[in-house]
Amino acid sequence: MTSKQPTILNKIIEEAKKRKKHIVLPDATDERTIRAARTLTRSGIADVSLIGDPRLIEKKAKDADSSLHGLRIIDPESSEQTSNFANIFFNLRKEKGITIEQAQQTMKNPLYFGAMMVRERMANGSVAGSISTTGDVLRAAIQTIGLAEGIKIVSSFFLMVFPDTIYSFADCAVV
């Protein structure tokens, strides 16, 4: 990170370094996600876990010439948490007609597995959207974590940071 970056981005990075949270990345088969995970880890910004098929993640990392050193890979297909997560998800969604078999299959999806890690306080946050659609990311979060009491509307924003200006786009992918 260079000193030419806008102040807001520097402030965000410094605050993240102070807090050093555990972030899961369900879009772990995207080379950009793997490179971002390396940057976050090397810079001391966050502890990062990649969620997905380890063989595919390792291949993508090799293709991107990126090391996985210091990164944890969690495979929802074989994790000891998958069964427990499926039971929790089943109880959350049974009123909507989900079966235990559907819950088990759903928890093998990295988006839902990552959201359940956040729900169960095994991670502080989940960041996705590089290969997953906004709808899929939000659906996993809402169905697994839910909305805070009294909240009925979902909103989002993202920042586009350029050397000389910052743009904030609100609700572009939600509304």
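A residue is called buried when its relative accessible area is under 20%, exposed when that area is over 50%, and partly exposed in between, with a 1.4 Å probe and protein chains only. This tour visits a predicted model, in which local features need pLDDT of at least 70 and side-chain atom pairs count only at pLDDT 80 or more, while totals for chains, interfaces and linings use all residues. Residues are numbered from 1 along each chain as its sequence is written, and side-chain values use heavy atoms, with hydrogens and water left out.

**Stop one: a cluster of rings**

Select Phe 158, which is partly exposed at a relative accessible area of 38%, and then add Phe 169, which is also partly exposed, at 32% relative accessibility. Rings of Phe, Tyr and Trp (for Trp, its six-membered ring) count as a pair if their centres lie within 6.5 Å, and planes under 30 degrees apart are called stacked, those over 60 edge-to-face and the rest tilted. A search of the whole structure finds 5 aromatic pairs. Phe 158 and Phe 169 form a stacked one, with 5.2 Å from centre to centre and 20 degrees between the planes. The pair links distant parts of the chain, since Phe 158 sits in strand E5 (residues 157-161) and Phe 169 in strand E6 (residues 166-170), 11 residues apart. The names of these elements come from DSSP runs, numbered from the N terminus, where a helix is H or I with at least four residues and a strand is E with at least two.

Now add Phe 162 and Tyr 167, whose ring centres are 5.9 Å apart and whose planes stand at 75 degrees, so this pair is edge-to-face. Phe 162 is partly exposed at 35%, and Tyr 167 is partly exposed at 43%. With Phe 158, Phe 162, Tyr 167 and Phe 169 all selected, you have a cluster linked by ring pairs.

**Stop two: helix H2**

Select residues 31-42, which make up helix H2, and follow its 12 residues over 16 Å from the first C-alpha to the last, close to the 16 Å expected at 1.5 Å a residue; the expected span is 1.5 Å times one less than the number of residues. Which residues of H2 are buried? They are Thr 33, Ile 34, Ala 37 and Arg 38. Looking down the axis of H2, you will find these buried residues within an arc of 140 degrees, so they line one face of the helix; the arc is that of the directions from the helix axis to the C-beta atoms. They pack against strand E1 (22-25), strand E2 (47-51) and helix H3 (54-63).

Pick out Arg 38 next, and leave aside its neighbours within four places in sequence: Arg 38 is then in contact (heavy atoms within 4.5 Å) with Ser 66, Ser 67, Leu 68, His 69 and Leu 71.

Moving past the helix, select Ser 43, in the loop between H2 and E2, which is partly exposed at 29% relative accessibility. Ser 43 and Lys 17 are 26 residues apart in sequence and 8.2 Å apart in space, C-alpha to C-alpha. H2 is also followed by Gly 44, whose phi is positive, near 75 degrees.

**Stop three: helix H4**

Finally, select residues 82-93, helix H4, and show its buried residues, which are Thr 82, Phe 85, Ala 86, Ile 88, Phe 89 and Arg 93. Seen down the axis of H4, they fall within an arc of 165 degrees, so they line one face of the helix. To see what covers them, add helix H5 (100-106), helix H6 (110-119) and helix H7 (134-144), which are included in that cover.
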